[in-house]
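Open the model in your viewer and follow the stops below. Each one says what to select and what to look for.

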Amino acid sequence: MRVEPLDASLSRPRQGGPSFSRRNRVYRAVWRLAWLLLAAWTPPFARRWRRGLLRAFGATMQGSADVRASARIWFPRHLTMGDGSVLAGGVTCYNMATVTIGEGTIVSQGAHLCCGSHELEDPHFQLVAKPIRIGRHCWIAAEAFVGPGVTVGDRAVLGARSVAFADLEAGGIYVGNPARKIRERG
């Protein structure tokens, strides 16, 4: 299945054309419906059920990884979660490219992981997708934003409502927009 964005000069998304193949769009529609009917309403203790549903749609879910019912996953096949990692309520995982979340990492409520952007100088506004990698034992705090191509080093913290468009070093604590390092994690 084609998962890269279509060539905008041919598909013309600015004039209403698609950014992704028909097969991709159908897969995502089936996925959204399945999550809505089978998982979005489930109580917190149904994490094994939600994990199983994500696996059925191609996600790699290690051990006790947990995706809360109100989280939104754009493309399950592009999601890998380590043991004990959590996508909390209201998280948006806009994973047109791969999102890898390490063991013991928490992505808190309302955070946004966004793998997509556009080529600003392209007259067709070409969509581009770049992977996000979040290391082990990290914390992406409430309503923080992680942009395309960002790598978050092990044990790094991105503070509430902070915005990361550049890599975060292992063990650093980052805040603000754009995120800046304020100190090392103890």
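**Stop 1: salt bridges**

The salt-bridge count for this predicted model comes to seven. Take three of the pairs in turn, beginning with Asp66 and Arg50.

Select Asp66 and Arg50. Their side chains form a salt bridge, with N to O at 3.5 Å. Asp66 belongs to strand 2 (residues 66-67) and Arg50 to helix 3 (residues 47-56), so this pair ties together parts that are 16 residues apart in sequence. Are these two residues buried or exposed? Asp66 is buried, at 3% relative accessibility. Arg50 is buried too, with a relative accessible area of 1%.

Now add Arg47 and Arg68 to the selection. Together with Arg50 and Asp66 they make up a network of salt bridges.

Next, select Glu143 and Arg161. The closest N and O atoms of this salt bridge are 2.4 Å apart. Both residues sit in loops: Glu143 between strand 13 (139-140) and strand 14 (145-146), Arg161 between strand 16 (157-158) and strand 17 (163-164). The pair links distant parts of the chain, 18 residues apart. Switch on the surface here. Glu143 is partly exposed at 39% relative accessibility. Arg161 is exposed, with a relative accessible area of 60%.

Go on to Glu169 and Lys181. Their salt bridge has its closest N and O atoms 3.1 Å apart. Glu169 lies in the loop between strand 17 and strand 18, while Lys181 lies in strand 19; they are twelve residues apart. Glu169 is partly exposed, with a relative accessible area of 49%. Lys181 is also partly exposed, at 34% relative accessibility.

**Stop 2: the hairpin**

Stay with the strand that holds Lys181. Select strand 18 (residues 172-175) and strand 19 (residues 180-184). They run antiparallel, joined by four bridges. Label Gly172 and look for its bridge partner in strand 19: that is Glu184. Then move to the turn. Four residues lie between the strands of this hairpin. Pick out Gly176 and read its backbone torsions: phi is positive, near 95 degrees.

**Stop 3: the aromatic cluster**

How many aromatic pairs does the structure hold? There are eight. Select Tyr27 and Phe75 to see one of them. Their rings are tilted, 4.8 Å centre to centre, with 55 degrees between the planes. Tyr27 is in helix 2 (residues 22-38) and Phe75 is in the loop between strand 3 (72-73) and strand 4 (79-81), so the pair ties together parts that are 48 residues apart in sequence. Both Tyr27 and Phe75 are buried.

Widen the selection to Phe20, Trp31, Trp35, Phe57, Trp74 and Tyr94. Ring pairs link these residues with Tyr27 and Phe75 into a cluster.

**Stop 4: His78**

Select His78, in the loop between strand 3 and strand 4. His78 is buried, with a relative accessible area of 12%. Where does its side chain find a backbone oxygen? A polar atom of the His78 side chain lies 3.1 Å from the backbone oxygen of Met96. Show the residues around it. Leaving aside neighbours within four places in sequence, His78 is in contact with Val3, Asn95, Met96, Ala97, Thr98 and Val99.

**Stop 5: Thr100**

Thr100 is in strand 7 (residues 99-101). At 31% relative accessibility, Thr100 is partly exposed. Select its contacts: Thr80, Ile132, Arg133 and Ile134, not counting residues up to four places away in sequence. For a longer span, draw a distance from Thr100 to Phe57, one of the residues in the aromatic cluster. Their C-alpha atoms are separated by 16 Å, and the two residues are 43 apart along the chain.

**Stop 6: cysteines**

How many disulfides are there? The count comes to zero. Check two cysteines to see why. Select Cys93: the closest cysteine sulfur is in Cys115, 6.6 Å from the sulfur of Cys93, too far for a bond when the cut-off is 2.5 Å. Cys93 is buried, with a relative accessible area of 0%. Finish on Cys138. Its sulfur is 15 Å from the closest cysteine sulfur, in Cys93, and that is again too far for a bond. Cys138 is buried, with a relative accessible area of 3%.

Notes. Residues are numbered from 1 along each chain as its sequence is written. This is a predicted model: local features need pLDDT of at least 70, side-chain atom pairs count only at pLDDT 80 or more; totals for chains, interfaces and linings use all residues. Side-chain values use heavy atoms; hydrogens and water are left out. Two strands pair if DSSP finds at least two bridges between them. Helices (H or I, at least four residues) and strands (E, at least two) are DSSP runs, numbered from the N terminus. A salt bridge is a side-chain nitrogen of Lys or Arg within 4 Å of a carboxyl oxygen of Asp or Glu. Buried means under 20% relative accessible area, exposed over 50%, partly exposed in between (1.4 Å probe, protein chains only). Rings of Phe, Tyr and Trp (its six-membered ring) pair if their centres lie within 6.5 Å; planes under 30 degrees apart count as stacked, over 60 as edge-to-face and the rest as tilted. Contact means heavy atoms within 4.5 Å. A polar contact is a pair of N or O atoms within 3.5 Å; within protein, one must be able to donate a hydrogen and the other to accept it, and residues adjacent in sequence count only if both atoms are side-chain atoms.
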